[in-house]
Amino acid sequence: MPKETIFHKIVNGDIPADVVYQDDDVLIFKDIHPKAPTHLLLIAKRKEDFVQSIADLTDATSHVPALLISKAQIFAKEHGIDGYKLTFHVGEGGGQEVFYLHLHFLSQQTI
Ligand code: 5GP
């Protein structure tokens with residue numbers, strides 16, 4: 001069993017997060033150490049969509065990156081953000097610290 005991460009605790013409501021959007025599939029919350037005026041993290045909420053990293057995707061979870069990117073695009077459009085960066089850190093060598101797949105959303109614009 002993969003180790004429970006801080007993002008599991010956020011999804012389960014065990015620790016607080018500054019949530020800016022959620023639906024049945026995705027949670028979007030502010031990064032606790034923002035590296036841009038807007039720095040959000042997008043994660044999949046469903047247990048069956050959990051995957052540690054891009055490196056661990058399987059046929060069952062290969063839709064998850066597209067789900068996160070699609071929600072980021074909708075969120076940006078709804079908030080009038082027209083310039084942003086989307087990043088996945090992959091593995092410790094790629095700067096990944098939390099092993100719960102997440103998409104970084106960074107923008108110089110504020111929400
Ligand atoms: P990674 O380097 O794994 O791609 O990114 C993990 C991100 O999660 C980091 O940017 C870090 O600041 C953020 N983070 C770590 N712990 C917490 C937390 O408890 N709450 C929130 N909101 N963000 C966190």
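**View 1. The backbone oxygen of Gly83 lies 2.7 Å from a polar atom of the Ser107 side chain.** A quick heads-up before you look around: this is a predicted model. Ser107 is part of strand S5. Is Ser107 buried or exposed? It counts as buried, because its relative accessibility is just 2%, and the cut-off for buried is under 20%. Look across to the neighbouring strand, too: Ser107 in S5 stands opposite Thr38.

**View 2. Strand S3 is mostly covered, with 7 of its 7 residues buried.** Find residues 38–44 to trace this strand. Here's a handy idea to keep in mind: in a regular strand, side chains alternate between the two faces of the sheet. Now try it on S3. On one side you'll find Thr38, Leu40, Leu42 and Ala44. On the other side sit His39, Leu41 and Ile43. What happens at both faces of S3? Both are covered, and the residues named for each side are all buried.

**View 3. S3 pairs with S2 and also with S5.** Strand S2 covers residues 26–30, and it pairs with S3 in the antiparallel sense over 5 bridges. Which residue in S3 is the bridge partner of Leu27? That would be Ile43. Further along, Lys30 has Leu40 in S3 as its bridge partner. Then there's strand S5, residues 103–107, which is joined to S3 by 5 bridges. S3 and S5 run antiparallel as well. If you want a landmark for this pairing, use Thr38 and Ser107, which stand opposite each other.

**View 4. A hairpin joins S1 to S2 through 3 residues.** Strand S1 takes in residues 19–22. How many bridges join S1 to S2? There are 3, and the two strands run antiparallel. To get your bearings, spot Val19, which stands opposite Phe29 in S2. S2 itself is largely enclosed by the rest of the structure, because 4 of its 5 residues are buried.

**View 5. The ligand sits in the largest pocket.** Which elements give two or more residues to the shell around the ligand? They are helix H1 (6–11) and strand S2. H1 gives the most, with 3 residues. In total, 17 residues are found around the ligand. Of these, Asp31, Gly95, Glu97, His102 and His104 come nearest.

**View 6. Backbone and side-chain atoms both come up close to the ligand's polar atoms.** Start with Lys30: one of its backbone N or O atoms lies 2.9 Å from a nitrogen atom of the ligand. You've met Lys30 already, as the bridge partner of Leu40 in S3. Next, look for His89, where a polar side-chain atom lies 2.8 Å from an oxygen atom of the ligand. Then move on to Val98, where a polar backbone atom is 2.9 Å from an oxygen atom of the ligand. How much of the ligand's accessible area does the protein cover? On its own, the ligand has 520 Å² of accessible area, and the protein covers 88% of that.

**View 7. The side chains of Lys71 and Asp23 are joined by a polar contact of 2.6 Å.** Lys71 belongs to helix H2. Is Lys71 buried or exposed? Lys71 is buried, since its relative accessible area is 17% and the cut-off for buried is under 20%.

**View 8. Ala76 is another residue to find in helix H2.** Follow the helix, which takes in residues 64–78. Because its relative accessibility is 1%, Ala76 counts as buried. Now pick out Gly93, which is 17 residues away from Ala76 along the chain. What separates their C-alpha atoms in space? The answer is 29 Å.

**View 9. Leu57 lies in the loop between S3 and H2.** With 28% relative accessibility, Leu57 counts as partly exposed. That label fits because buried means under 20% and exposed means over 50%. Compare this loop residue with Leu67, 10 residues apart from Leu57 along the chain. The C-alpha atoms of Leu57 and Leu67 are separated by 13 Å.

Methods: Residues are numbered from 1 along each chain as its sequence is written. This is a predicted model: local features need pLDDT of at least 70, side-chain atom pairs count only at pLDDT 80 or more; totals for chains, interfaces and linings use all residues. Side-chain values use heavy atoms; hydrogens and water are left out. Buried means under 20% relative accessible area, exposed over 50%, partly exposed in between (1.4 Å probe, protein chains only). Two strands pair if DSSP finds at least two bridges between them. A residue is near a molecule or strand if one of its heavy atoms lies within 4 Å of it. A polar contact is a pair of N or O atoms within 3.5 Å; within protein, one must be able to donate a hydrogen and the other to accept it, and residues adjacent in sequence count only if both atoms are side-chain atoms. Accessible areas come from the Shrake-Rupley method with a 1.4 Å probe; for residues, only the protein chains shown count as cover. On a 1 Å grid over the protein atoms alone, a cavity is a set of points where a 1.4 Å probe fits but cannot get out, and a pocket is an open set with protein on both sides within 12 Å along at least five of seven lines; lining residues have an atom within 4 Å of a point. A molecule sits in a cavity or pocket if more than half of its atoms lie within 2 Å of its grid points.
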